[in-house]
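User: I would like to go through this model step by step, with the reasoning shown for each answer. Where should we begin?

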Amino acid sequence: MMICDKVAKLLQEQIGHEFGASQQYLATAAYFGEQGLDGWADEFYRQSEEEREHGMKIIKFLVDVGAEFTIPAIAAARPSGIESPLDACQKALKGERAVTDQFSTMAREAIAEGDHVSGQFLDWFLNEQVEEESTMDRYVKLLETGINPFQAEPLLGDPHAD
Ligand SMILES: [Fe+2]
Ligand SMILES: [Fe+2]
C-alpha cells in the first residue's frame, strides 16, 4: 500500500461521511421540493451528486494505492427534520464545516506520517471545501436578509462556476 495506515483508515471513514452528506442533501432537496421551491431543490440535488462524486473519488484513490477498505453504511436522512429554508442552509453549512475539519485532520496526519501521496490527494478536497463552505455561507447570509426564498432562486448556483 502506497499510503499510511492511519490516513487510509480515515479515508475509508470519509467515504461514509461523503455518502452521508449526499444522502442529507437529498433530504434537503426533497424538503425544498415539498415547499414548491424547485430552484432550491435543484441546487441541493446537484450538491448531493457532488458529494457522491467525492465519495467515488476516495474509493478510486484507495483502489489505486492498493488499500483494503469497506464501504461504510449510511444513516437515514429525513426531510421532515428541516424547519425552514434558513435552517436547511445552516445545517448544510454546519455539515460542510465538519467535513473541512475531517479533511484538516487527515492532512495533519499525512504530514505527520510523511505520507506525501495522501497529502497531495487531500489538497484537492481542502480546496473544494473552501468553495463548499463559501457557497453555503452565502445561502445562509442571503436568507438571513429575510428575502422571500422564491425570489432568491435566481441567485443560487456557484458564481465561480465556468
Ligand atoms: Fe464532499
Ligand atoms: Fe460538501
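Analyst: A residue counts as buried when its relative accessible area is under 20%, and as exposed when that area is over 50%. This is a predicted model, and the questions can start from there.

User: Is Glu 18 buried or exposed?

Analyst: The cut-off for a buried residue is a relative accessible area under 20%. Glu 18 has a relative accessibility of 1%, so Glu 18 counts as buried.

User: Which residues coordinate the iron ion (ligand 1)?

Analyst: Along the chain, the donors of the iron ion (ligand 1) follow the spacing E-x32-E-x2-H. The coordination, at 2.1 Å, comes through OE of Glu 18, OE of Glu 51 and ND1 of His 54. The residues asked for are therefore Glu 18, Glu 51 and His 54.

User: Which residue coordinates both the iron ion (ligand 1) and the iron ion (ligand 2)?

Analyst: The iron ion (ligand 1) and the iron ion (ligand 2) are 3.4 Å apart. The residue that coordinates both is Glu 51.

User: How many residues apart in sequence are the parts that Glu 18 and His 54 tie together?

Analyst: His 54, at 4% relative accessibility, counts as buried. Glu 18 belongs to helix α1 whereas His 54 belongs to helix α2 (residues 38–64), so this pair ties together parts of the chain whose separation in sequence is 36 residues.

User: What is the angle between the planes of Phe 103 and Phe 125?

Analyst: Nine aromatic pairs are counted in the model. Among them, Phe 103 and Phe 125 form a stacked pair with 4.6 Å centre to centre, and this pair links distant parts of the chain, with Phe 103 in helix α3 (residues 85–112) and Phe 125 in helix α4 (residues 116–144), 22 residues apart. Planes under 30 degrees apart count as stacked, and the angle here is 10 degrees.

User: How do Trp 124 and Phe 125 pair, and which of the classes buried, partly exposed and exposed holds Trp 124?

Analyst: Trp 124 and Phe 125 form an edge-to-face pair, 4.9 Å centre to centre and with 85 degrees between the planes. Phe 125 is buried, with a relative accessible area of 0%. Trp 124 has a relative accessibility of 36%, and therefore its class is partly exposed.

User: Which residue lies over the face of Trp 124?

Analyst: A charge sits over a ring only if, among other conditions, NZ of Lys or CZ of Arg is within 6 Å of the ring centre. The residue over the face of Trp 124, at 4.1 Å from the ring centre, is Lys 57.

How values were computed:
Residues numbered from 1 in each chain as written. Chains lettered and ligands numbered in written order. Predicted model: local features only at pLDDT ≥ 70, side-chain atom pairs only at ≥ 80, totals over all residues. Heavy atoms only, no water. Phe/Tyr/Trp six-rings, centres within 6.5 Å; stacked < 30°, edge-to-face > 60°. Helix = DSSP H or I, 4+ residues; strand = E, 2+ residues; numbered from the N terminus. Buried < 20%, exposed > 50% of the residue type's maximum accessible area, 1.4 Å probe, protein only. Lys NZ or Arg CZ within 6 Å of the ring centre and 35° of its normal. Donors = N, O, S within 2.8 Å, 3.2 Å for Na, K, Ca; no water.
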